[in-house]
Amino acid sequence: NKAQLEEQPNMANFAGVRSTRTTASAMPVAAIVASVGQIGAENIQSASQIMQSIPASLSTSLRSPDGAQAVILLCFLDGAGGVRKKQLDLIQEAFSAEFVARVTALAEDVPEISHLRLPLIELAMPTLRGISQPQYQTLRDLVSRLAIADGSVTISEFVLSVLLFQTLDRIHLNVSDRRWTTKRIYELANA
């Protein structure tokens with residue numbers, strides 16, 4: 001099935017410059033609906049490539065409760081600078097200096113993880129199901145505080161927080177349905 005190509009204006013037209021780009025038409029709705037829940041060879045290959053791209057230090061860390069928590073916190077760290085220092089100080093308030101050193105070592109070993117955040121959080125879930133309720137509460141509160149350390153919550157931070165909280169709140173806090181908003185994350189961080 002060949003995709004039809006069409007001309008679409010881009011944002012340059014907004015500035016008065018005539019420009020177009022060629023893109024493939026969207027899949028028909030019926031095809032999208034039919035593909036939900038279906039795993040094909042492409043999906044398996046893509047998942048395999050993602051798994052192979054995860055550095056060994058992260059894979060190993062995901063197997064222990066402390067390591068999985070360190071990986072989760074790593075997913076919420078900003079780049080180098082004042083915000084990261086503030087975030088590491090927040091981690092130090094909740095965990096030992098040894099734990100902060102572990103997070104820092106992971107960050108140095110894998111400086112760019114933005115493309116791995118979602119898979120890492122998903123892979124950490126089974127291990128995090130086994131931590132205690134107080135450990136989860138500490139992690140949960142800290143994730144909220146890290147997400148707003150720069151004064152705002154990015155879409156990525158929001159989505160990853162919701163994924164983490166909705167999954168683990170059911171297990172550790174016996175909460176079955178909690179609505180998450182950026183306001184809710186700010187409230188948790190400032191509690």
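This section describes the fold of the protein chain, the packing of its helices and the surroundings of two residues in contact. The model is predicted.

The secondary structure of the chain consists of 10 helices and 2 strands. In sequence order the elements run β-β-α-α-α-α-α-α-α-α-α-α, with both strands ahead of the helices. Of the 191 residues in the chain, 33% are buried. Contacts between residues at least 6 apart in sequence were also examined; 67% of these join residues at least 24 apart.

Three helix pairs were analysed, involving α4, α5, α6 and α8. Helix α4 covers residues 65-75 and helix α6 covers residues 97-109. Their axes lie 9 Å apart and make an angle of about 55°. Because an angle of about 55° is neither under 35 degrees nor within 65 to 115, α4 and α6 are classed as oblique to each other. The crossing of this pair is right-handed. On the α4 side the contact is formed by Asp66, Gly67, Gln69, Ala70, Val71, Leu73 and Leu74, which meet Phe99, Arg102, Val103, Leu106 and Ala107 of α6. The residues of this contact comprise 8 nonpolar, 2 polar and 2 charged.

Helix α4 also packs against α8, with axes that come within 10 Å and cross at roughly 15°. The angle is under 35 degrees, so α4 and α8 are roughly parallel to each other. Here too the crossing is right-handed. Gln69, Ile72 and Leu73 of α4 meet Gln135, Leu139, Leu142, Val143 and Leu146 of α8. By class, this contact has 6 nonpolar and 2 polar residues, and no charged residues. Gln69 and Leu73 of α4 take part in the contact with α8 and are also listed in the contact with α6.

The third pair joins helix α5 (residues 82-94) to helix α8 (residues 133-147). The axes come within 10 Å and cross at roughly 165°. The angle is over 145 degrees, and α5 is therefore roughly antiparallel to α8. The crossing of α5 and α8 is right-handed. Gln87, Leu90, Ile91, Glu93 and Ala94 in α5 meet Thr138, Leu142, Arg145 and Leu146 in α8. The contact of α5 with α8 is made up of 5 nonpolar, 2 polar and 2 charged residues. Leu142 and Leu146 of α8 thus contact α5 and are also among the α8 residues that meet α4.

Helix α7 spans residues 117-128. Its 12 residues, at 1.5 Å a residue, should span 16 Å, and the end C-alpha atoms are 16 Å apart, in agreement with that expectation. The buried residues of α7 are Pro119, Leu120, Ile121, Ala124, Met125, Thr127 and Leu128. The elements that cover these buried residues include α2 (41-53), α3 (56-61), α4, α8 and α9.

Helix α9 comprises 18 residues, 155-172. The span expected at 1.5 Å a residue is 26 Å, and the end C-alpha atoms are 25 Å apart, which agrees. Buried positions in α9 are Glu157, Leu160, Ser161, Val162, Leu164, Phe165, Thr167, Leu168, Asp169 and His172. In an α-helix there are 3.6 residues a turn, so residues three or four places apart point the same way. Just after α9, asparagine 174 adopts a positive phi of about 50°.

Threonine 167 and arginine 129 link α9 to the loop preceding α8 by direct contact. Threonine 167 is located in α9. Its relative accessibility is 19%, and because the cut-off for burial is under 20%, threonine 167 counts as buried. When neighbours within four places in sequence are set aside, threonine 167 is in contact with Met125 and Arg129. Met125 is itself one of the buried residues of α7.

Arginine 129 is found in the loop between α7 and α8. With a relative accessibility of 45%, arginine 129 counts as partly exposed. Not counting residues up to four places away in sequence, arginine 129 touches Thr167, Leu168, Ile171 and His172. Among these, Thr167, Leu168 and His172 belong to the buried residues of α9. The C-alpha atoms of arginine 129 and threonine 167 are separated by 9.1 Å, although the two residues are 38 residues apart along the chain.

Technical notes
Residues numbered from 1 in each chain as written. Predicted model: local features only at pLDDT ≥ 70, side-chain atom pairs only at ≥ 80, totals over all residues. Heavy atoms only, no water. Helix = DSSP H or I, 4+ residues; strand = E, 2+ residues; numbered from the N terminus. Expected span 1.5 Å × (residues − 1). Buried < 20%, exposed > 50% of the residue type's maximum accessible area, 1.4 Å probe, protein only. Contact = heavy atoms within 4.5 Å. Axes fitted to C-alpha atoms, helices over the stretch in contact; angles between N-to-C directions. Left-handed = near helix turned anticlockwise from the far one by under 90°. Nonpolar A, V, L, I, M, F, W, Y, C, P; charged D, E, K, R; others polar.
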